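Welcome, and thanks for taking a look. Here is a short report on how some pieces of this fold sit together.

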Amino acid sequence: MICLPMICSMADAQAISLDGEWQLTYWKQPDGGAVTSPEGMADVECRTIPATVPGNVEIDLQAAGLIADPMVGKNIYRLRSWEDVQYCYSRTFEASELAAGDRYELWFGGIDCLADIWVNGIHAGKAEDMLIEHGFDVTDIVRPGVNTVQVILRSTVLEGQKYLLGQLSIRLTPAAEAINIRKAPHMYGWDIMPRLVSAGLWRSVELRTVHPTRIRDVSYIVHGLDVAGKKASVYTDLQVTMPFSRFDKTRAVYTLSLDGKVIKTESEAIKEPAMRHDIKVEDARFWWPRGYGEPVLYDLRVDIVDENGAVLDSRSQKVGLRTVRLDMNDINLPDSPGRFQFFVNDVPVFIHGTNWVPMDALHSRDPQFYDESIAMAVDLNCNMIRCWGGNVYEDHRFYDLCDANGIMIWQDFTMGCTMYPNDDAFASAIYEEAKSVVVKLRNHPCIAAWAGNNEDDQSVTWGLKEFTLNPNRDRISRRVIPDVLFMYDPTRPYIPSSPYYSEEVWRHGNEMQTLPENHLWGPRGYYKDPFYTDAQCRFVSEIGYHGCPNRESLEKMMTPECVYPWTDFKSLKWNEEWLTKAVREFEVAGDHPRNNLMTNQVRLVFGEVPESLDDFIFASQSVQAEAMKYFVEMWRGHKFADKTGILWWNLRDGWPILSDAITDYYGGRKIAYAFLRNVQRDVCVLINDPVDGKYQLIAVNDNLVGHEGSVRVTDAASGKTVYKGRFTVPVNGRTVIAGIPEREGQGMLKIEYTVAGSSYTNHYLYGKAPFSLDDYRSWVSGLDY
């Protein structure tokens with residue numbers, strides 16, 4: 001896969017990597033103010049340990065024996081005493097004499113978070129945003145030979161106290177202290193991640209050589225796309241920096257290749273620093289999301305070539321020929337249905353996919369999970385991933401994998417669950433952050449939409465619903481981010497907030513049923529409650545159900561004496577480690593109700609909570625699996641009728657916890673993984689709940705060709721056939737194969753079907769809950785998932 005560098009590939013080839021061994025010095029941040037210079041460090045009591053970059057300070061502290069493994073038991077709470085600590089990363093490096101006109105840039109892929117950068121004792125600059133890349137011109141500071149770089153980090157917890165918060169920013173969670181600090185919001189504690197307010201140089205560090213003649217940026221816009229005619233055009237926007245004497249004499253050479261074969265080469269003189277070249281592609285092959293075709297990627301190379309034919313700089317990247325749009329309106333009413341429908345290459349796409357949360361609470365470890373996690377998304381046949389707004393922005397490798405595998409990305413900007421400051425300083429910071437992120441990522445064909453935040457609009461209804469506040473007054477999501485996108489990525493869809501409370505929704509009292517796109521959490525009751533079955537939204541971008549991890553994973557995250565969850569089974573009193581993994585942000589918080597979701601949901605479906613841990617794990621995972629399967633089938637069964645997509649919560653945990661994820665931090669797959677993989681096939685036969693006394697046997701098809709098949713439905717307990725027949729399902733459509741008379745009592749219908757030469761199995765759990773756990777275990781034993 002090709003990673004898009006921040007500057008030219010020639011410069012990258014001459015970059016000096018500063019990854020590897022560093023020194024980490026730490027001290028308590030003084031009450032009188034943070035230390036921001038090397039001289040100031042002489043006035044505080046310090047200690048120095050070895051460090052690794054990319055890294056997080058906790059990894060180095062653990063390696064030095066200063067903290068216990070924070071993933072085990074209650075050890076995470078011991079990190080609370082490190083929240084007022086400052087750190088200094090330092091190392092030496094060697095540099096050579098620069099050629100005439102060259103400059104040195106000290107580049108950081110990620111600094112967490114409030115930093116002063118010093119080189120050879122001279123202040124090189126500041127950084128105050130963990131989420132973006134930073135570059136500092138250090139030409140006049142770096143000298144030939146040995147140099148020293150120091151990065152001094154302030155405590156974000158202490159620095160956050162300097163801000164006066166607005167009333168809409170203060171909530172019943174610790175997130176309020178985070179809103180002025182541009183750091184991953186989950187770090188301060190979330191319902192899916194522990195409180196772990198880390199620090200560190202969490203992505204690579206380089207000393208880059210910047211040449212006087214270089215490519216500053218290449219971006220592209222696909223237009224004139226004609227699928228039937230196999231034609232497309234690519235606007236290639238090139239921006240260069242070069243001495244004036246090179247203009248008119250230097251050429252830009254554009255080379256388009258596919259599968260290693262050059263399709264065309266074109267060139268033109270560089271007469272000005274910004275230029276647009278239109279590449280016409282004949283016999284074009286297009287980028288499609290999973291199920292709809294192949295995600296074809298072209299290679300586009302741009303070279304700057306002088307009058308003697310020497311290549312002065314070059315940039316290569318992957319290009320997908322595709323267009324994407326989102327047909328959405330502002331409100332969903334009975335007499336005026338809402339719309340929220342993605343189209344790729346003017347073809348409607350039914351979305352089935354997942355939410356992407358932090359890969360790790362210590363983000364320097366994120367890349368080690370990319371390949372495995374995207375492989376799971378492919379195995380699950382997800383055609384979209386929503387990158388949730390409480391996380392970091394992932395690096396190119398993640399998007400490269402999604403480009404190559406036909407997985408569309410819904411990308412939230414990093415804000416969530418509160419109203420952020422609307423003052424000039426914060427607006428300016430978000431403008432620069434959004435610009436950095438958009439310019440970095442916009443060439444990835446997988447990115448289908450930007451979203452302003454996660455649930456910020458909705459947050460005005462939490463505790464203040466009676467006041468019917470208008471989230472459309474938010475400056476950040478309604479003006480600042482749209483201004484960035486209008487200039488730097490004007491062709492992609494933008495969703496102001498997820499879910500989006502438009503002016504029309506506000507005028508209707510901010511009622512959830514008026515939202516075309518929604519998050520369905522609610523009371524977390526029985527998965528067939530009216531809250532779910534009567535939901536009016538067309539598209540659900542968050543929906544999930546708790547499931548207990550496997551015993552093997554529990555034994556890794558708990559100490560041996562706390563693997564069993566209850567100190568008193570009769571009252572279902574959770575032990576302290578299970579409360580910690582719930583996730584309870586602070587040890588002093590006492591009981592935490594989140595684990596009760598599992599016991600309540602098990603009781604609703606199976607009548608009682610098993611006392612045996614292994615039986616409880618099976619029961620909890622089974623409830624989660626049935627619920628998640630039901631949600632996807634309910635949405636797919638109404639494909640394009642009144643439903644357009646579902647993004648369930650979530651693929652994988654970013655920490656050893658108890659959660660809605662279908663895969664735990666250690667890679668342990670819950671039962672829901674197999675159930676979801678089974679119902680997200682391109683062509684799937686499923687059963688929806690009865691209509692007029694008959695179960696609806698339905699076939700859905702996400703391919704751009706029609707299919708024929710055969711199906712047999714039997715009762716799992718008796719083996720009796722209740723339906724047998726053939727079916728035809730149209731291109732990108734659905735068909736009701738038959739209505740099967742509703743059955744008395746409880747049981748499971750086993751669905752066996754053959755399509756496109758392959759055979760598959762599905763099932764439908766019928767009857768009213770609660771069910772016998774033993775009966776259920778017997779029924780599912782005959783399934784081959």
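What follows covers one sheet and one pair of helices.

This is a predicted model, with local features needing pLDDT of at least 70 and side-chain atom pairs counting only at pLDDT 80 or more, while totals for chains, interfaces and linings use all residues. Residues are numbered from 1 along each chain as its sequence is written, and side-chain values use heavy atoms, leaving out hydrogens and water.

Let's begin with the sheet. Six strands (DSSP runs of E, at least two residues, numbered from the N terminus) line up as β3-β2-β4-β10-β7-β8 in an open, antiparallel sheet. Strands count as paired if DSSP finds at least two bridges between them. From one strand to the next, the twist averages 25°. At the edges, β3 and β8 each pair on one side only. Strand β2 joins β3 through seven antiparallel bridges, and Thr-25 stands opposite Thr-48 of β3.

| Strand | Residues |
|---|---|
| β2 | residues 20-28 |
| β3 | residues 47-53 |
| β8 | residues 122-127 |

Now to the helices (DSSP runs of H or I, at least four residues). Helix α5 (residues 367-379) and helix α6 (residues 396-405) have axes that come within 10 Å and cross at roughly 25°. Because angles under 35 degrees count as roughly parallel, α5 is roughly parallel to α6. Axes here are lines fitted to C-alpha atoms over the stretch in contact, with angles from 0 to 180 degrees between N-to-C directions. The contact (heavy atoms within 4.5 Å) involves Tyr-370, Asp-371, Ile-374 and Val-378 of α5, together with Arg-397, Phe-398, Leu-401, Cys-402 and Asn-405 of α6.

Conventions:
Angles under 35 degrees count as roughly parallel, over 145 as roughly antiparallel, 65 to 115 as roughly perpendicular and the rest as oblique.
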